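Subject: Structure for your review

Dear colleague,

Please find below the structure I wished to hand over to you, followed by an account of what was found in it. I should be grateful if you would read the text with the model open beside you.

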Amino acid sequence: MHHYDYKQIISENKKLTEENIKLRLENWQLNHLRLENQQLRSLLEFKKNALYSAITGEVIGFDYSENRKIIFVDLGFKEGVYKEMVCLNSAGLIGKVIEVGESISKIMCINDPNSRVPAMTEDTQEIGLVYGTMEGDKLQMKFISSESKTKIGAVVVTSGLGNIYPKGIVIGEIKDIINYGFYKTAIIKPKVNFLKPRTVILLKQK
């Protein structure tokens, strides 16, 4: 009989998840740069932007209602967590830290009605703001130019504007586009299942 060290297996698993998420983030950002088609400048920019280290944590609870979409993680100021740290998993963007305790932090998910994320469509590089909704299983990207040629099926990523969310993290996919005259609003299906994240990472600026 082999004797397995479960603690070691769990910590190796955690490390792999963390590496996977970091690679995904790099991949998203690099993909993004390829789309921008100014390779050299972009790569230099990316190297400058990739100044994040990651803290891996586990989700330990939810506060989920129409008006609130909050998750709790087992990381706090003891682990170096601070307000407005960005939370994601390998599927995409989850949200940002809004409250920090000694060893627990509160994260507002991007589908919370109070959440706003500066975003961009990958197909046409259109900029807008992604709002959470009461329903929670969809998001709204508002203030897209009425001239926009963005299409259903386009991927929406963080734009990097606004100093909180780094550029190029996947938010979701456009499912519908509503025209309001001056602006268009895109209905987005998020990539993350907010009630199912187990392992998450928080990005720490170095």
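Two strands are taken to pair if DSSP finds at least two bridges between them. Please also note that this is a predicted model.

Overall organisation

With that meaning of pairing, 6 strands close into a barrel in the order 1-2-5-4-3-12, and the pairing is antiparallel. From one strand to the next, the twist averages 45°. There is also a closed barrel of 6 strands that runs 6-7-8-11-10-9, again with antiparallel pairing. In this sheet, neighbouring strands are turned against each other by 40° on average, direction ignored.

The protein chain comprises 2 helices and 12 strands. Along the sequence, these elements follow the pattern α-α-β-β-β-β-β-β-β-β-β-β-β-β. Of the 206 residues in the protein chain, 42% are buried. If one considers contacts between residues at least 6 apart in sequence, 59% of them join residues at least 24 apart.

The barrel 1-2-5-4-3-12

Within this barrel, strand 3 (residues 86-89) and strand 4 (residues 92-100) run antiparallel and are joined by 4 bridges. Asn 89 has Gly 92 of strand 4 as its bridge partner.

Strand 1 spans residues 52-64 and includes Thr 56. Is Thr 56 buried or exposed? Its relative accessibility is 9%, and the limit for a buried residue is under 20%, so Thr 56 counts as buried. Residues up to four places away in sequence aside, Thr 56 touches Lys 14, Glu 18, Leu 75, Thr 199, Val 200 and Ile 201.

The nonpolar core

The largest nonpolar core has 43 residues, of which Leu 88, Ile 94, Val 130 and Ile 171 touch the most other members. Which residues does Leu 88 touch, not counting those up to four places away in sequence? They are Ile 21, Leu 25, Trp 28, Leu 93, Ile 94, Ile 169, Val 200, Ile 201 and Leu 203. Val 200 and Ile 201 are thus named among the contacts of Leu 88 and also among those of Thr 56.

The barrel 6-7-8-11-10-9

Three of the strand pairings in this barrel may be useful when you inspect the model. Strand 6 (residues 116-121) and strand 9 (residues 155-158) run antiparallel, with 3 bridges between them. Here Met 120 stands opposite Val 157 in strand 9. Strand 7 (residues 127-131) is likewise joined to strand 8 by 3 bridges, and the two run antiparallel. Leu 129 has Lys 142 of strand 8 opposite it. Strand 8 also pairs with strand 11 in the antiparallel sense, over 5 bridges, and Met 141 stands opposite Ala 186 in strand 11.

Aromatic residues

A pair of aromatic rings is described by the distance of the centres and the angle of the planes. The structure holds 2 aromatic pairs. Why is the pair of Phe 143 and Tyr 183 edge-to-face? The ring centres are 5.5 Å apart and the planes stand at 85°, and planes over 60 degrees apart count as edge-to-face, so the pair falls into that class. Phe 143 belongs to strand 8 (residues 139-145) and Tyr 183 to strand 11 (residues 183-190), so the pair ties together parts that are 40 residues apart in sequence. Tyr 131, Phe 143 and Tyr 183 form one aromatic cluster.

As to exposure, Phe 143 is partly exposed, at a relative accessible area of 41%. Tyr 183 also counts as partly exposed, with a relative accessibility of 43%. Apart from neighbours within four places in sequence, Tyr 183 is in contact with Phe 143, Ile 144, Ser 146 and Ile 178. The C-alpha atoms of Tyr 183 and Ile 144 are 5.4 Å apart in space, although these residues are 39 apart in sequence.

Two lysines lie over tyrosine rings, as follows.

- Lys 142 is over the face of Tyr 131, at 4.4 Å from the ring centre.
- Lys 69 is over the face of Tyr 64, at 5.5 Å from the ring centre.

Lys 142 therefore appears in two settings: opposite Leu 129 in the strand pairing, and over the ring of Tyr 131.

Yours sincerely

Note on methods
Residues numbered from 1 in each chain as written. Predicted model: local features only at pLDDT ≥ 70, side-chain atom pairs only at ≥ 80, totals over all residues. Heavy atoms only, no water. Phe/Tyr/Trp six-rings, centres within 6.5 Å; stacked < 30°, edge-to-face > 60°. Buried < 20%, exposed > 50% of the residue type's maximum accessible area, 1.4 Å probe, protein only. Lys NZ or Arg CZ within 6 Å of the ring centre and 35° of its normal. Core = buried A, V, L, I, M, F, W, Y, C linked by side-chain atoms within 4.5 Å. Contact = heavy atoms within 4.5 Å. Axes fitted to C-alpha atoms, helices over the stretch in contact; angles between N-to-C directions.
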